[in-house]
Amino acid sequence: VLKMSRPVVSVFDIESADSVTGTVTLPAVFTAPIRADVVHYVHTLMAKNKRQAYAVNSDAGMQTPAQSWGTGRAVARIPRVPGGGTSRSGQGAFGNMCRGGRMFGATKVWRHWHKKISVNQRRYAVSSALAASALPALVMARGHRVDNVPEFPLVVSDSLNRVSHTKDARAVLEKIGAYDDVIKSRDSKKIRVGAGKSRNRRHTQKRGPLVVYDVSEGLDKAFRNLPGVELAMVDNLSLLDLAPGGHLGRFCIWTKGAFEKLDSIFGTYEESAKFKSGFNLPRAFMTNADLTRIINSDEVQSVLKPMVTGPTLVIPKKRNPLRRADVKAALNPYQTAIREREVKKATADKATKAKVLAAKRGVLKARSKEFAGRRKAF
């Protein structure tokens with residue numbers, strides 16, 4: 001079971017993509033659930049932590065001794081510039097609706113620029129981004145050119161750490177089929193649309209491969225000059241690099257040492273992470289998310305009740321209990337006794353009624369005599 005859930009990944013030689021120097025076990029972090037919502041949320045907050053504070057001058061629009069003219073002069077009570085002999089005198093000032101006035105709610109540098117993010121959420125997002133980087137469909141959907149890449153995730157031998165010249169780095173990328181993505185990034189460089197072109201961010205460019213290493217022996221200097229190529233140490237993986245723009249599926253190139261180190265950094269489902277205190281790899285809620293296949297399986301269908309084709313629920317017609325004796329009796333079981341007494345009283349003849357009335361009067365008469373005797377005795 002362990003071999004099925006943790007397959008092996010080929011390690012390619014940097015001299016030729018056809019030669020495989022060995023295999024490594026797929027780290028457990030690549031089987032973590034892919035949560036695009038968590039990645040997008042964490043990325044949105046992380047991207048805010050590099051913002052530079054800005055604000056308008058606190059005196060802007062207020063540098064005039066303007067005063068209101070008050071009422072009675074058929075003009076608005078907005079403060080007005082004093083003086084004469086110039087078109088400026090008499091003009092409205094201070095208000096945000098006035099020319100040359102201050103803005104409404106002037107911006108301040110003490111705005112809440114940075115956002116706090118839960119440590120577990122950040123680790124969850126990085127785990128999801130790593131898992132998504134191992135799926136060719138998501139990598140291609142993000143726009144990377146990986147048609148000639150032999151395998152995902154792409155792992156190369158540790159001899160890549162000793163590459164120290166850009167021409168050698170380019171040759172390595174060409175041999176492993178990753179240089180197409182570099183060309184795509186190079187050709188995508190365009191002048192930014194908007195005011196940012198005059199604010200030291202004149203060009204925009206798509207991201208290329210991300211080279212992840214554990215030890216650099218010149219590797220960082222060799223790859224840093226290739227357009228779109230970025231480097232990251234496996235100990236300091238950032239969501240901003242693994243999912244730029246909050247979009248899953250970054251094309252990653254791993255060195256063997258960095259790839260093998262992932263289990264100790266993020267842990268497995270049997271052991272917790274060594275370098276992340278209190279962190280356990282997130283588990284998927286469903287091992288098989290194909291609901292249609294589950295529902296239509298023989299195991300589920302064999303225990304289901306047969307399908308009902310006719311009407312399953314008949315709503316009874318509303319019946320008025322004030323007019324329907326049976327409905328009233330269902331609501332009040334004592335209603336039957338009340339009804340029988342009323343019927344008996346209504347159908348009684350005159351002699352019976354007189355007899356009942358005489359009996360009542362006899363009782364009352366006897367009670368009156370009793371009370372009268374008590375009064376005399378008292």
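Let's start near one end of the numbering we'll use here: Ile294 is found in helix 11, which covers residues 291-295. Keep in mind that this is a predicted model. Ile294 is partly exposed, with a relative accessible area of 32%. Together with Phe285, Met286, Leu291 and Ile295, Ile294 makes a nonpolar surface patch of about 540 Å².

Now for a residue on the other side of the cut-off. Thr107 sits in the loop between helix 2 and helix 3. Thr107 counts as buried because its relative accessible area is 16%, and buried means under 20%. What does Thr107 touch, once residues up to four places away in sequence are set aside? The answer is Tyr54, Ala55 and Val56. Ser58 is 49 residues from Thr107 along the chain, yet their C-alpha atoms are separated by 8.6 Å.

Next, the strands. Strand 6 takes in residues 210-213, and its side chains alternate: Leu210 and Val212 point one way, while Val211 and Tyr213 point the other way. All four are buried. Strand 6 pairs with two other strands, as the table sets out.

| Partner of strand 6 | Residues | Sense | Bridges | A facing pair |
|---|---|---|---|---|
| Strand 7 | 230-233 | parallel | four | Val211 and Leu231 |
| Strand 8 | 252-255 | parallel | three | Val212 and Trp254 |

Trp254 turns up again in the largest nonpolar core, which has 40 residues. Which members of that core touch the most other members? They are Leu130, Leu237, Leu239, Trp254, Phe259, Leu262 and Phe266. Many parts of the chain chip in: strand 1 (8-13), helix 2 (36-47), helix 3 (119-132), strand 6, helix 8 (239-242), strand 8, helix 9 (256-260) and helix 10 (262-266) each supply at least two residues. Helix 3 gives the most, with six residues.

Phe259 is a handy place to look at this core up close. Leaving aside neighbours within four places in sequence, Phe259 is in contact with Val9, Val24, Thr25, Leu26, Pro27, Phe30, Pro153, Val155 and Trp254. There is also a second, separate core of 26 residues, and among its members are Leu154, Leu173, Phe251 and Ile253. In soluble globular proteins, nonpolar side chains tend to be buried together.

How values were computed
Residues are numbered from 1 along each chain as its sequence is written. This is a predicted model: local features need pLDDT of at least 70, side-chain atom pairs count only at pLDDT 80 or more; totals for chains, interfaces and linings use all residues. Side-chain values use heavy atoms; hydrogens and water are left out. Buried means under 20% relative accessible area, exposed over 50%, partly exposed in between (1.4 Å probe, protein chains only). Two strands pair if DSSP finds at least two bridges between them. A nonpolar core is a set of buried Ala, Val, Leu, Ile, Met, Phe, Trp, Tyr and Cys residues joined through side-chain atoms within 4.5 Å. Contact means heavy atoms within 4.5 Å. Patches are made of residues with over 30% relative accessible area and no salt bridge: like charges are joined within 9 Å, nonpolar side chains (Val, Leu, Ile, Met, Phe, Trp, Tyr) within 5 Å. Accessible areas come from the Shrake-Rupley method with a 1.4 Å probe; for residues, only the protein chains shown count as cover. A salt bridge is a side-chain nitrogen of Lys or Arg within 4 Å of a carboxyl oxygen of Asp or Glu.
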